[in-house]
Amino acid sequence: MSNPWNNRPPRPPGTPTGRRHPPRAQDERPARDPAPRDERPGGASRSELRLYGLNALHAVFARRPEAIRKVYLTESRIPALKPLLAWCVKQRVGYRVVEEGDLDRLAASTHHEGVVADVLKVEPMPMGDWLRALPDGKPVSALWLDGVGNPHNFGAILRSAAHFGVAGILLPRDSTLALSGAAARVAEGGAEQVPLVRMGNPENAIGQLRGAGFSLAATVVRGGDDLFAATLPKRLVYVMGAEGEGMDARLADACDVRLSIPGSGAVESLNVAAATAVFLAQWRQRA
């Protein structure tokens, strides 16, 4: 950024004009500077994602700091974000100390944890590239999301996927599911750990996966094999259906096996995010 915002405190008397200062100490009290009017209601540009939440931003800073374009934070978050703010100064990336209400408007949420940032999006990678990058001879799991749309469920799935070492989230070619600020916050950094993969024609995608040694498991509420008694292959794709109507029946028929999570029957089923965590934990134990 060639002209970062003029958001830093005035230079102390006698400071050479060419010298750059690190972020202010915790006991210094910067002037509060509300977000500009045109930045409050709008989101990031189409190539950017408006991210919020401490762990979500820490994960981006750890893996791809060059993607960070703007940072807004409350004064209370300065100590927790000192390394990031020092990097912003060095790289001439604008940051601004604002009021809590400004962050509420920027994030369109009160769950921002005191920080909002605009970062470059990462587009889903093609299926062929993802398959070629997989390690040889090691257990690999992936998730095929068929109709999942709720951002909080998506974020929880990403968090579980990162925890259990899932190699990728497979998205149908016509899926509108994309990472949002809400999903990234719920993922608690998991969105930076698990690649999104864009598939082509479903039949071709299934052929590619089987050619790479994967078996496909349709996850169904009832009528499937008992997950806890089933033998799980070392290369497995769990196909997770939509929150309400479940997965497409033709896709379920095309899978190699159907799996269900047995329960008490006190409730109809687990939601897709909770079910995903159970399926992944069982695969991890068996693989």
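This is a short talk on one protein chain, its confidence, its sheet and its cores.

Let me start with the caveat. The model is predicted. The mean pLDDT of the protein chain is 87, and 84% of its residues reach 70 or more. Now look at the start of the chain. Over residues 1-41 the pLDDT falls below 50. That stretch still has 75 contacts in the model beyond near neighbours in sequence. Where pLDDT is low, predicted coordinates should not be read in detail. So I will leave the stretch there.

Next, the overall numbers. The chain has 287 residues, and 45% of them count as buried. Its secondary structure comes to nine helices and 12 strands. Take the contacts with a separation of 6 or more: 78% of these join residues 24 or more positions apart. The accessible surface is about 14600 Å². Carbon and sulfur atoms account for 49% of that surface.

Now the sheet. There is an open sheet of four strands, in the order 1-4-2-3, with mixed pairing. Which strands sit at the edges? They are strand 1, residues 48-52, and strand 3, residues 94-97; each pairs on one side only. From one strand to the next, the twist averages 15 degrees. In general, strands of a sheet pair through backbone hydrogen bonds, parallel or antiparallel.

Zoom in on strand 2, residues 68-73. It pairs with strand 3 in the parallel sense, over four bridges. Leu-73 stands opposite Val-97 in strand 3. Helix 2, residues 82-91, lies across both strand 2 and strand 3. That helix runs at about 130 degrees to strand 2.

On to the cores. The largest nonpolar core has 31 residues. Which of them touch the most other members? Leu-143, Leu-145, Ile-169 and Tyr-238 do. Six elements each supply at least two residues: strand 6 (140-146), helix 5 (151-163), strand 7 (168-171), helix 6 (181-187), strand 11 (235-241) and helix 9 (272-286). Helix 9 gives the largest share, six residues.

Please find Tyr-238 on the screen. Leave out residues up to four places away in sequence. Among the residues Tyr-238 then touches are Leu-143, Trp-144, Leu-227, Leu-259, Phe-279 and Trp-283. Ala-142, Ala-217 and Thr-219 are also touched by Tyr-238.

Apart from the largest core lies another, of 23 residues. Its members include Ile-78, Leu-84, Cys-88 and Val-89. As a general point, nonpolar side chains in soluble globular proteins tend to be buried together.

That's my tour.

Definitions and conventions: Residues are numbered from 1 along each chain as its sequence is written. This is a predicted model: local features need pLDDT of at least 70, side-chain atom pairs count only at pLDDT 80 or more; totals for chains, interfaces and linings use all residues. Side-chain values use heavy atoms; hydrogens and water are left out. Buried means under 20% relative accessible area, exposed over 50%, partly exposed in between (1.4 Å probe, protein chains only). Contact means heavy atoms within 4.5 Å. Accessible areas come from the Shrake-Rupley method with a 1.4 Å probe; for residues, only the protein chains shown count as cover. pLDDT is the predictor's confidence in each residue, from 0 to 100. Two strands pair if DSSP finds at least two bridges between them. Axes are lines fitted to C-alpha atoms, for helices over the stretch in contact, and angles run from 0 to 180 degrees between N-to-C directions. A nonpolar core is a set of buried Ala, Val, Leu, Ile, Met, Phe, Trp, Tyr and Cys residues joined through side-chain atoms within 4.5 Å.
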